Amino acid sequence: MNSATLLRFVHWALPKLARVEIEGREHAPADGPVLFVFNHLGLLDIALAFLSINREDATGWVADKHKKNPLYAYLVDVVGGVWLNRENPEMSSFKQALAWLRAAGAFGVAPEGTRSHTNALLPGKPGVAYLAAVSGVPIVPGGHTGTERMWQSWLRLRKPRLHMRFGPAFTLPPLPREGRDVALQAGPDEIMCRIAALLPEEYRGVYADYPRVQELLAESPSPQ
């Protein structure tokens with residue numbers, strides 16, 4: 001199996017398992033280097049992101065704990081996924097991601113670094129901001145809901161409603177020689193605020209009261 005075959009399979013299978021709605025697809029470029037950033041709710045997030053991005057050259061960081069699952073590990077390798085130790089990230093993981101972007105690929109990341117058990121946003125990690133600043137590629141935020149309820153819906157013999165909403169692309173400035181620590185924190189805050197503004201209020205978590213989120217909502221209100 002290759003990435004193209006897997007993408008076709010996801011396009012066939014996911015709509016049979018769920019009601020998929022994608023909003024703002026015009027913000028997701030069909031080619032060229034781009035960094036996609038998403039919130040993280042459940043295991044089905046990757047399938048929804050892969051379908052929504054709709055590119056054969058899409059991959060991303062994946063927590064290396066999933067190597068223990070043979071099927072999951074196989075599918076990650078099919079799309080060229082980059083294994084990441086969330087507790088102790090290695091520079092090789094960043095270099096692989098940077099190489100993918102410099103080869104004009106699409107790279108997906110969940111900046112929270114782990115799944116939210118409350119379904120609300122957790123603080124973003126600086127690794128994504130570092131990758132974005134060094135690569136200089138456009139960042140496309142995506143906020144999604146529904147994957148956290150898939151098991152409950154399936155147990156009731158119902159299709160879960162999966163909704164993905166993309167926002168406009170933006171970039172982060174290059175890292176300054178001085179004040180890099182401040183810049184590396186400002187970067188994930190901007191990224192997470194962009195994601196928060198795409199989500200209903202109950203999903204915004206620690207970013208719910210950020211003034212930046214309110215600014216973004218005033219420009220383009222989020223569905224409630």
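**View 1. The second largest pocket encloses about 220 Å³ of space.** In this predicted model, local features need pLDDT of at least 70 and side-chain atom pairs count only at pLDDT 80 or more, while totals for chains, interfaces and linings use all residues. Residues are numbered from 1 along each chain as its sequence is written, and side-chain values use heavy atoms, leaving out hydrogens and water. A pocket here is an open set of points on a 1 Å grid over the protein atoms alone, where a 1.4 Å probe fits, with protein on both sides within 12 Å along at least five of seven lines. Its volume is the space filled by probe spheres set on the points, which are joined across faces, edges and corners.

**View 2. Here is the lining of that pocket, 14 residues in total.** Lining residues have an atom within 4 Å of a point, and R165, G167, P168, L198 and S220 lie nearest the centre. Strand β7 (161-166) and helix α8 (211-219) each supply at least two of the lining residues; strands (E, at least two residues) and helices (H or I, at least four) are DSSP runs, numbered from the N terminus. By type, the lining divides into six nonpolar, four polar and four charged residues, with Ala, Val, Leu, Ile, Met, Phe, Trp, Tyr, Cys and Pro counted as nonpolar, Asp, Glu, Lys and Arg as charged, and the others, Gly among them, as polar.

**View 3. E23 and R165 join their side chains in a salt bridge, at 3.5 Å from N to O.** A salt bridge needs a side-chain nitrogen of Lys or Arg within 4 Å of a carboxyl oxygen of Asp or Glu. E23 belongs to strand β1 (residues 19-23) and R165 to strand β7, so the pair ties together parts 142 residues apart in sequence.
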